[in-house]
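Here is a short set of exercises to work through with the model open beside you. Try each task before reading its solution.

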Amino acid sequence: MKHSIEGFSKLSKAEKVDWITKNYFNHPEEAKTLLTSYWNQNNELQKRHDEFIENTLSNFYLPLGVAPNFIINGKNYTLPMVIEESSVVAAAGNAAKYWSQRGGFTAKVLSIDKVGQIHFFYKGNKASLSSFVATHTAQWLEKVREISAKMETRGGGIKSLTLVDKTADLPHYYQLHLTFSTADAMGANFINSCLEHIAKSVEISVINNSVILNEGGIDIVLCILSNYTPNCLVHVQVSCPIEDLGKQDKMEASIFAKKLVQAVAIAKVEPYRAVTHNKGIMNGVDALVIATGNDFRAIEAGVHAFASRSGRYSSLSEASINNGQFTMELTLPLALGTVGGLTSLHPMVKWSLELLGNPNAEELMKIIAVAGLAQNFAALRSLVTSGIQKGHMKMHLLNILNQLGANEQQKVKALVYFKTNTVSVQAVRHYLENF
Ligand code: MEV
């Protein structure tokens with residue numbers, strides 16, 4: 001067995017598959033057959049996927065499901081959801097239908113600013129630095145128009161550039177903090193290109209500036225967009241008179257409303273609960289972020305930072321009762337794109353966007369935040385009434401039945417039997433053996 005190799009990336013795909021399966025697997029032929037059985041028959045399509053990343057050996061499936069009946073600002077949508085967890089799509093569909101009979105979801109984009117920063121160290125006099133930045137900003141911005149002009153025609157571009165003094169947090173640390181609008185693109189490439197271009201201009205300006213040179217010059221460490229986007233926000237909500245919530249699993253509407261508010265109040269103050277509460281929101285958000293070819297790691301990182309903005313990790317959603325009206329709302333930072341990146345390269349992403357009516361980035365922000373709120377409502381509805389396991393167990397049971405090779409007749413009967421019996425792998429195996 002050989003577990004290290006020089007020049008792996010230079011091998012052909014077939015050679016990579018051979019090397020990996022021979023060196024890491026007890027049954028190389030089986031391991032190889034599995035990898036190749038996941039290749040798409042359409043070579044062109046497979047090549048396209050191969051080229052998304054490096055060292056591609058095969059594909060890794062995730063199911064794509066849909067949740068219909070979402071009404072958002074009066075418009076009907078069916079949401080594409082890519083997720084491995086059972087019950088999430090069903091929960092989204094249930095919440096969508098429930099709220100479609102109670103006025104639907106309302107959604108509003110609050111802001112669309114994105115951020116990029118040039119981080120540097122400077123040991124000299126602050127006033128000299130401030131005046132250096134002030135006198136050169138227009139020139140740096142003019143220079144970067146070489147690459148920002150196209151974005152400007154689409155309504156985007158650089159909105160501001162400011163010097164930020166961070167020396168109280170870290171000696172000699174400053175930054176140029178830029179805000180951007182990136183129209184319908186997520187904008188990572190655009191922002192990073194602008195930042196690197198400006199950083200070069202800054203360096204050239206320093207070389208030609210005796211004052212800053214005499215102060216020791218500036219030491220640029222890195223430039224990169226920030227995935228913290230607290231000024232790229234969308235707000236969504238559902239609301240109805242308490243009595244319209246209806247009886248839930250024998251629970252009166254007024255008690256149900258009160259428990260929902262209490263559940264959110266707990267997640268507001270208790271980080272252990274807040275993380276799980278927000279995880280439920282992200283079940284909906286991530287499923288759509290992935291289906292639409294957006295960067296789920298960026299969204300996750302930004303959302304959780306936002307959930308900690310008060311200094312304590314807290315619930316992203318709110319719930320309230322005012323004058324007999326129940327309201328549940330959610331504000332999320334979502335930096336999304338509907339052009340560029342994977343959006344035109346991945347056929348399933350294109351499909352998902354078409355299913356949504358080819359939304360622009362702002363409309364997609366609304367749709368995805370609604371998916372988050374729907375998921376949150378559905379989770380809390382189960383948690384404060386019947387508990388979460390009832391719904392989960394049905395899907396769990398199906399997974400176990402599939403795993404144990406049950407036929408269709410056994411599955412139908414088992415679903416009835418396990419309505420009143422506890423589900424476990426052992427119990428299902430026993431049931432099948434005695435079928
Ligand atoms: C499970 O994926 C998500 C929940 O735990 C969310 C919640 O507890 O609010 C059900």
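## Exercise 1: A sheet around β8 and β10

β8 and strand β10 (residues 325-333) form an antiparallel pair held by nine bridges. This is a predicted model, in which local features need pLDDT of at least 70 and side-chain atom pairs count only at pLDDT 80 or more, while totals for chains, interfaces and linings use all residues. Residues are numbered from 1 along each chain as its sequence is written, and side-chain values use heavy atoms, with hydrogens and water left out.

**Task.** Work out in which order the four strands of this open sheet are arranged, and which helices pack on it.

**Solution.**

Step 1. Begin with the terms: strands (E, at least two residues) and helices (H or I, at least four) are DSSP runs numbered from the N terminus. Two strands pair if DSSP finds at least two bridges between them.

Step 2. Find matching residues on β8 and β10. H235 has T331 in β10 as its bridge partner, and Q237 is bridged to E329 in β10.

Step 3. Turn to strand β3 (residues 106-109), which is joined to strand β8 (residues 233-241) by four bridges and runs antiparallel to it. Here A107 stands opposite V236 in β8.

Step 4. Put the order together: the open sheet reads β3-β8-β10-β9, with antiparallel pairing. β3 and β9 are at the edges with a single partner strand each, so one side of each has no neighbour in the sheet. On average, neighbouring strands are turned by 20° against each other, direction ignored.

Step 5. Add the helices. Angles run from 0 to 180 degrees between N-to-C directions, with axes fitted as lines to C-alpha atoms, for helices over the stretch in contact. Helix α8 (residues 253-269) lies across β9 and β10 at about 140° to β9. Helix α12 (residues 361-384) packs on the sheet as well, touching β3, β8, β9 and β10, and its direction makes about 45° with that of β8.

## Exercise 2: The sheet with β5 and β7 at its edges

**Task.** Describe the sheet that contains β5, then place L163 in it.

**Solution.**

Step 1. Read off the order: four strands make an open sheet, β5-β6-β4-β7, and the pairing is antiparallel. Its edge strands, β5 (157-165) and β7 (218-226), each pair on one side only. From one strand to the next the twist averages 15°.

Step 2. Look at the first pair in that order. Eight bridges connect β5 with strand β6 (residues 173-181) in the antiparallel sense.

Step 3. Add the packing helices. Helix α5 (residues 126-153) touches β4 (114-122), β5, β6 and β7, and its direction makes about 160° with that of β5. Helix α6 (residues 188-207) also touches β4, β5, β6 and β7, with its direction at about 165° to that of β7.

Step 4. Now place L163, which lies in β5. The bridge partner of L163 in β6 is L176. L163 and H177 are 14 residues apart in sequence, yet their C-alpha atoms are 6.2 Å apart.

Step 5. List the surroundings, taking contact as heavy atoms within 4.5 Å. Leaving aside neighbours within four places in sequence, L163 is in contact with F120, L129, S130, V133, Y174, Q175 and L176. L163 is partly exposed, at 24% relative accessible area; the class lies between buried (under 20%) and exposed (over 50%), using a 1.4 Å probe and protein chains only.

## Exercise 3: Two asparagines with positive phi

**Task.** Compare where N69 and N323 are found and how accessible each is.

**Solution.**

Step 1. Check the backbone. N69 has a positive phi of about 75° although it is not a glycine, and N323, also not a glycine, has a positive phi of about 50°.

Step 2. Locate each residue. N69 is in strand β1 (residues 64-72), whereas N323 is in the loop between β9 (317-322) and β10.

Step 3. Assign the accessibility class. N69 is partly exposed, with a relative accessible area of 32%, while N323 counts as exposed at 84%.

## Exercise 4: The whole chain

**Task.** How many helices and strands does the protein have, and what percentage of its residues count as buried?

**Solution.**

Step 1. There are 15 helices and 10 strands.

Step 2. Of the 435 residues, 44% count as buried.

Step 3. For the overall dimensions, the C-alpha trace spans about 90 × 70 × 40 Å along its principal axes.
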